[in-house]
Amino acid sequence: MSLKLHKRPLGVASLEDKIVQHAVVTVLNAIYESDFVGISYGFRPGRNQHDALDAVAVAIEKRKINWVVDADFRKFFDTIDPHWLQRFVAHRIGDQRLLRLIDKWLTAGVMEDGQATQPERGTPQGSVISPLLANIYLHSVFDLWALRWRKRIAQGDMVMVRYADDTFLGFEHREDAERFLVELRERVAQFGLSLHPEKTRLIAFGRYANAWCRRQGQRRAQTFDFLGFTHICGITRGKGWFQLRRVTMAKRMHAKLAEIKQQLRRRLHGRMREVGAWLHKVLQGFYNYHAVPGNLRRLWSMRYRLLHAWWRILGRRSQLRMSWDRYFSRVRTWLPEPRVLHPYPDARFRATHSR
């Protein structure tokens with residue numbers, strides 16, 4: 001079976017350009033931080049993925065959210081209109097020298113097989129300034145428009161959280177969600193963007209979602225993915241109250257395991273102590289992001305599969321063939337056991353959002 005890989009062009013800047021881009025990003029951050037709104041979390045000082053995840057969790061558990069629009073921008077970085085982006089920047093920045101610099105970075109193009117190509121759309125990925133330019137684009141195209149829509153049109157509660165082009169949209173009423181999705185397609189089309197027809201969907205999600213789905217003949221409510229976690233409508237063991245469950249996306253965990261297995265094959269003849277130290281860092285790094293409350297079972301599964309994969313690879317070395325019990329007693333100290341490293345979302349959200 002052959003796999004068709006999608007190659008994404010990267011605009012890797014020279015050292016001099018990276019230095020200049022760092023300086024420009026510092027200046028623009030100081031300007032735009034006063035403009036960016038609270039629903040935007042991606043690539044902003046003092047904000048990270050877990051802040052966005054906390055905001056989503058608190059909204060689902062504390063607000064009147066019954067419907068979720070799982071919106072996916074189709075090839076966002078490849079379809080940004082540079083002319084619109086230049087207009088957005090020029091609306092806030094008056095220095096022509098800075099505008100000319102940004103224009104050169106947008107039109108720099110990419111090098112492939114020794115030939116330079118200059119696409120008409122998109123922004124170079126991999127550069128220092130790309131995340132900030134994407135935020136500026138979506139701030140004008142999506143954030144401000146969505147906030148106006150919530151204030152003027154929405155009939156019920158509505159929550160929005162955006163991390164770069166990953167967006168969560170929660171609604172109290174289905175009519176609001178359906179109307180917003182229709183108008184969102186029209187809105188982004190005006191600026192050269194589009195929503196993925198297969199990945200964008202409207203689902204019932206929240207404290208009443210499972211009951212509604214059973215009335216419709218479905219077993220349970222659908223799930224949605226956001227920033228590496230699958231969000232599930234669960235219930236508590238005792239009284240059966242609604243509880244939001246967040247587990248590592250199976251697709252992401254499988255991809256990480258495949259990457260580690262490939263590296264283990266390359267380190268087949270390395271010393272066990274050195275390979276074990278490397279695996280400790282890799283696994284601990286995975287825990288640092290994914291060790292949220294309620295996700296320990298999946299992290300234990302990740303650790304067991306990694307242990308088993310290393311054991312099978314070591315079995316190819318005749319001098320290191322050993323039983324599972326002997327192998328496990330030797331390597332278990334190198335692979336840390338998972339434990340919860342993040343507080344509950346509402347506790348951290350209250351600490352970061354005092355109001």
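**Exercise 1. Which helix holds both Asp 346 and Arg 350, and how many residues apart are they?**

Solution. Begin with the ground rules: this is a predicted model, in which local features need pLDDT of at least 70 and side-chain atom pairs count only at pLDDT 80 or more, while totals for chains, interfaces and linings use all residues. Residues are numbered from 1 along each chain as its sequence is written, and side-chain values use heavy atoms, with hydrogens and water left out.

Step 1. Find the element. Helices (H or I, at least four residues) and strands (E, at least two) are DSSP runs, numbered from the N terminus. Asp 346 and Arg 350 both belong to helix 13, four residues apart, which is about one turn of the helix.

Step 2. Check the contact. A salt bridge is a side-chain nitrogen of Lys or Arg within 4 Å of a carboxyl oxygen of Asp or Glu. The side chains of Asp 346 and Arg 350 form one, at 3.7 Å from N to O.

Step 3. Classify the accessibility. Buried means under 20% relative accessible area, exposed over 50%, and partly exposed in between (1.4 Å probe, protein chains only). Asp 346 has 25% relative accessibility, so Asp 346 counts as partly exposed. Arg 350 has 55%, so Arg 350 counts as exposed.

**Exercise 2. Which parts of the chain does the salt bridge of Arg 348 and Asp 54 tie together?**

Solution.

Step 1. The structure holds ten salt bridges. One of them joins the side chains of Arg 348 and Asp 54, 2.5 Å from N to O.

Step 2. Arg 348 is in helix 13 (residues 345–352) and Asp 54 is in helix 2 (residues 49–62), so the pair ties together parts 294 residues apart in sequence.

Step 3. Both Arg 348 and Asp 54 are buried.

Step 4. Compare a second salt bridge, in which the closest N and O atoms of Arg 63 and Asp 157 are 2.8 Å apart. This pair also links distant parts of the chain, 94 residues apart: Arg 63 is in the loop between helix 2 and strand 1 (67–70), and Asp 157 is in the loop between helix 6 (130–152) and strand 4 (158–163).

Step 5. Arg 63 is partly exposed because its relative accessibility is 37%. Asp 157 has a relative accessible area of 16% and is therefore buried.

**Exercise 3. What residues line the largest cavity, and how do they divide into nonpolar, polar and charged?**

Solution.

Step 1. On a 1 Å grid over the protein atoms alone, a cavity is a set of points where a 1.4 Å probe fits but cannot get out; lining residues have an atom within 4 Å of a point. Grid points are joined across faces, edges and corners, and a volume is the space filled by probe spheres set on the points.

Step 2. There is one cavity of 30 Å³ or more. The volume of the largest cavity is about 40 Å³.

Step 3. Its lining consists of Leu 264, Arg 267, Leu 268, Gly 270, Arg 271, Met 272, Val 275, Trp 310, Leu 314 and Arg 317. Helix 10 (272–290) and helix 11 (296–314) each supply at least two of the lining residues.

Step 4. Ala, Val, Leu, Ile, Met, Phe, Trp, Tyr, Cys and Pro count as nonpolar, Asp, Glu, Lys and Arg as charged, and the others, Gly among them, as polar. The lining then divides into six nonpolar, one polar and three charged residues.

Step 5. One lining residue, Arg 267, also has its charged end over the ring of Trp 278, 4.2 Å from the ring centre. A charge sits over a ring if NZ of Lys or CZ of Arg is within 6 Å of the ring centre and within 35 degrees of the ring normal.

**Exercise 4. Why is the ring pair of Phe 73 and Phe 76 tilted?**

Solution.

Step 1. Rings of Phe, Tyr and Trp (its six-membered ring) pair if their centres lie within 6.5 Å; planes under 30 degrees apart count as stacked, over 60 as edge-to-face and the rest as tilted.

Step 2. The count by this rule is 21 aromatic pairs. For Phe 73 and Phe 76, the ring centres are 6.0 Å apart and the planes are at 55°, so the pair is tilted.

Step 3. Both Phe 73 and Phe 76 are buried.

Terms used:
On a 1 Å grid over the protein atoms alone, a cavity is a set of points where a 1.4 Å probe fits but cannot get out, and a pocket is an open set with protein on both sides within 12 Å along at least five of seven lines; lining residues have an atom within 4 Å of a point.
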